[in-house]
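Me: I'd love a close look at one part of this model, the place where two helices from separate chains pack together. Could you walk me through it and then set it in its surroundings?

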Amino acid sequence: MWGICVHYSHTPYCYRMNILETHNIVKEYANHRALDDVSISIPKGSIFGLLGPNGAGKTSLIRIINQITGPDSGHVLFDGKPLSERHIERIGYLPEERGLYKKMKVGDQLLYLAQLKGLSEKQAMEKLKSWFIKFDIKTWWDKNVSDLSKGMQQKVQFVSTVLHEPDLIILDEPFSGFDPINANLIRDEILELRQKGSTVIFSTHRMETVEELCDYIALIHRSKKVLDGPKNQIKEQFKTNTYYVEYMGILNGLAEQYAVSATREVEPGFHRSDIQLPEGVNSNQLLRDLINQVEVRAFGENIPTMNDVFVRAVNEIPEA
Amino acid sequence: MKNILLVLKREYMVRVKKKSFLIMTFLAPLLFVGFYATVIWVAVGSVESKTVQVLDQSGLFTGQFQNSKTINFQYLTMSLDSAKASLKATKSTALVYIPEDVMENPKTVKIYAPKNVSLELQSDIEKTIEKQIESIKLTEAGITRRVLEDSRINVDSQTISLSEEGEKSSSSGAATAIGGICAFLIYISVFVYGTQVMRGVTEEKTSRIVEVIISSVKPFQLMMGKIIGVALVGLTQFVLWILLTVALTSVAGAMLGDQLPKDPQQIEQQFNDLNKNMPASALKANSGPANPVSEVLSAVNSLNLPLIISCFLFYFLGGYLLYSALFGAVGAAVDNDADTQQFMLPITLPIIFSFVFAQFVLRDPDGSLAFWTSIIPFTSPIIMMVRIPFGVPGWQIALSMVLLVLGFMGTTWLAARIYRIGILMYGKKVSYKELAKWVFYRG
């Protein structure tokens with residue numbers, strides 16, 4: 001169902017297919033503008049990366065989506081309708097600053113949080129049981145939260161975020177504080193939730209996570225949205241027409257036509273260089289030129305990583 | 001509404017299940033009853049009888065020291081030195097030495113004792129000696145003790161309250177006691193439970209769970225749920241205290257049963273005995289034939305108890321709601337308990353002031369200080385409770401109640417404005433100016 005949307009959703013005309021849209025959101029605090037005309041669209045069933053340096057305004061936006069605060073101007077649509085109180089039950093939120101009641105039993109706490117999200121005690125109980133089996137944490141039910149390790153608390157909090165099977169799950173730095181094994185466990189859960197039809201918003205600094213999981217991204221910088229769309233398309237935009245080549249021998253005279261950079265020896269006898277094509281020259285031409293000079297062992301296009309995209313996009317914006 | 005109930009239920013259950021709640025709830029009545037049981041035990045039963053030797057060289061006091069239940073006087077006729085020796089040998093409590101010239105030099109009376117004698121015993125002995133010297137001097141002046149006692153008239157007035165229901169015997173003593181107790185209870189509970197609300201808010205803030213919670217419920221609902229939940233904890237504690245105290249008292253009463261006198265006559269006797277042991281009230285004890293217990297009961301009955309109890313509940317809740325909202329706002333404005341001090345003063349001052357005013361109002365329950373402080377919402381919960389046992393015109397009660405309701409609606413509104421911003425503010429020392437700004441923030 002989201003298949004149609006994949007290709008068009010970055011345009012603002014795909015209303016029914018977006019689980020969430022923000023339109024021209026402005027939010028001002030005492031002496032600074034936290035969000036300046038921010039419009040994003042989050043396609044149903046996607047994993048959406050909300051990126052940006054610290055203090056860019058991500059948390060402000062997330063709080064508006066969670067109805068913790070309201071925008072000064074602009075509006076938010078949830079599933080095509082203006083965001084309202086009845087949507088609260090359809091959203092699950094894991095804030096960056098994790099927190100649980102320290103002196104409350106794990107089981108009681110999860111039951112309480114689930115009921116706040118509109119589940120009945122019975123429903124919550126059933127769902128909790130299956131999560132406790134899934135995560136193999138049955139013995140934790142009667143423990144106080146303060147008796148759990150930090151990683152264990154994170155697990156409990158993750159369960160509380162997704163227990164009510166929300167349509168939209170907002171995860172702020174979901175992997176921080178997890179060891180690699182548990183991080184994988186959580187990642188698999190996130191993918192499974194998406195499989196079941198949930199949409200996930202990721203707010204993170206960890207570009208490898210974005211690389212791996214996100215279909216769409218939006219980049220917020222200095223309170224403004226500077227970039228958004230499908231991840232692959234954005235990477236495409238940030239390509240520099242640069243190719244890498246691994247070879248035996250010495251590149252000679254190539255620098256007259258191409259920009260050769262980052263030449264280094266990767267193992268005895270083999271070098272690797274990045275070569276940028278000038279306009280009007282394609283990769284076949286470069287390959288031909290290379291073959292004449294050296295023995296090519298590997299050749300390919302340098303696709304920018306999300307890390308590159310992030311750094312470049314942020315640095316290209318001039319200081320306000 | 002459903003969310004407020006959920007929050008309320010959690011706040012209530014968490015507190016009621018706490019060990020400190022259980023301990024306080026069960027220990028306080030035990031201590032209370034235990035204290036009274038001990039007092040009664042000591043007063044009624046187990047006082048050791050003492051022997052006091054009297055060496056009266058003046059010969060004026062023969063037969064003047066009357067043996068009581070606890071003190072047995074022995075008259076000696078020997079020299080002071082051998083009396084001192086016999087004091088040690090007989091293990092008596094004390095030796096009273098009255099020299100021959102006691103009429104001229106009353107300060108020469110001496111009490112010898114191996115251990116310090118109690119103040120009570122000392123003043124008893126002094127009283128007896130003074131009285132005898134007084135009698136002798138009076139006789140010399142031609143006045144008998146009888147004439148003197150006839151001249152002393154003890155006035156114990158009865159106050160009659162004139163109301164629409166007609167004349168009714170009332171007691172300003174009982175009114176003072178009831179008013180004072182009610183005011184004190186409200187004073188303590190506003191502090192204790194208000195602080196609990198504040199702690200609860202800072203706990204949610206420092207543990208950072210608040211962001212999760214307010215993504216599900218409105219800050220106002222969270223605040224109200226907490227305030228009402230804590231109020232119910234307070235009411236539960238009151239009710240349990242009353243029930244347990246009553247239960248324990250009857251148990252203790254049954255256990256002390258054989259020690260306690262059965263019929264009123266005996267009770268009166270007991271009270272007089274008790275009073276006799278207390279020199280200050282010795283004279284008063286002979287005053288009236290009325291049974292003091294039934295006197296107290298009838299005095300309490302003369303008060304409008306249903307009105308007092310319903311007003312107590314109203315002013316307890318009203319006062320608590322008015323202040324706990326403010327306590328909650330303070331909890332939201334700071335990062336941890338240690339920082340609360342700077343904002344506490346404006347909240348605690350009116351409470352402490354009303355408690356101080358209460359002492360004056362007790363003396364003059366219808367003065368203008370009493371009137372105004374019982375109308376103004378910040379002081380009315382305590383002051384009005386002081387006044388009510390004395391009788392307050394209906395319109396004043398109504399006005400004070402309406403203003404109190406408006407008052408707590410006002411503070412709740414104000415607190416909610418500060419609360420919604422404060423709970424998400426971290427790492428910032430907040431000033432009053434800042435708080436004022438928060439009140440007017442939108443969204």
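In which crossing, left-handed or right-handed, does α3(A) pass α1(B)?

Reply: Happy to take you through it, bearing in mind that this is a predicted model. Helix α3(A) passes α1(B) in a left-handed crossing. The helix from chain A covers residues 106-116, and its axis comes within 10 Å of that of α1(B), with a crossing angle of roughly 165 degrees. An angle over 145 counts as roughly antiparallel, and α3(A) and α1(B) are therefore roughly antiparallel to each other.

Now for the side chains. On the α3(A) side you will find Tyr112(A), Gln115(A) and Leu116(A), and they meet Asn3(B), Leu6(B) and Arg10(B) of α1(B). By character, the residues of this helix contact divide into 3 nonpolar, 2 polar and 1 charged.

Stepping back to the interface, 16 residues of chain B are in contact with 21 residues of chain A. From chain B, α1 (2-17) supplies at least two residues of the side that touches chain A, and α7 (210-214) does likewise. That side of chain B is made up of 7 nonpolar, 5 polar and 4 charged residues.

For comparison, here is a helix pair within chain B. The axes of α8 (residues 219-255) and α16 (residues 394-422) of chain B come within 9 Å and cross at roughly 115 degrees. Here α8(B) passes α16(B) in a right-handed crossing. Pro219(B), Phe220(B) and Met223(B) from α8(B) meet Ala415(B), Ala416(B), Tyr419(B) and Arg420(B) from α16(B). This contact has 6 nonpolar residues, no polar ones and 1 charged.

As for the interior, the largest nonpolar core holds 134 residues, and Ile170(A) and Met385(B) have the most contacts inside it. Helix α12 (residues 305-333) of chain B gives the most to this core, namely 15 residues. Among the residues that Met385(B) touches are Gly179(B), Cys182(B), Ile186(B), Phe312(B) and Tyr315(B), leaving aside residues up to four places away in sequence. There is also a second, separate core of 15 residues, including Val52(B), Leu87(B), Val96(B) and Val102(B).

Finally, a word on the chain that carries α3(A). Chain A contains 10 helices and 14 strands, and its C-alpha trace spans about 75 × 45 × 40 Å along its principal axes. Of the 320 residues of chain A, 36% count as buried. Among its contacts between residues at least 6 apart in sequence, 71% join residues at least 24 apart.

Technical notes: Residues are numbered from 1 along each chain as its sequence is written. Chains are lettered from A and ligands numbered from 1 in the order in which they are written. This is a predicted model: local features need pLDDT of at least 70, side-chain atom pairs count only at pLDDT 80 or more; totals for chains, interfaces and linings use all residues. Two residues are in contact if their C-beta atoms, placed from the backbone, lie within 7 Å. Helices (H or I, at least four residues) and strands (E, at least two) are DSSP runs, numbered from the N terminus. Ala, Val, Leu, Ile, Met, Phe, Trp, Tyr, Cys and Pro count as nonpolar, Asp, Glu, Lys and Arg as charged, and the others, Gly among them, as polar. A nonpolar core is a set of buried Ala, Val, Leu, Ile, Met, Phe, Trp, Tyr and Cys residues joined through C-beta atoms within 7 Å. A residue is buried if 20 or more other C-beta atoms lie within 10 Å of its own, exposed if 12 or fewer, and partly exposed in between; C-beta atoms are placed from the backbone. Axes are lines fitted to C-alpha atoms, for helices over the stretch in contact, and angles run from 0 to 180 degrees between N-to-C directions. A crossing is left-handed if the near helix is turned anticlockwise from the far one by less than a right angle, and right-handed if clockwise. Angles under 35 degrees count as roughly parallel, over 145 as roughly antiparallel, 65 to 115 as roughly perpendicular and the rest as oblique.
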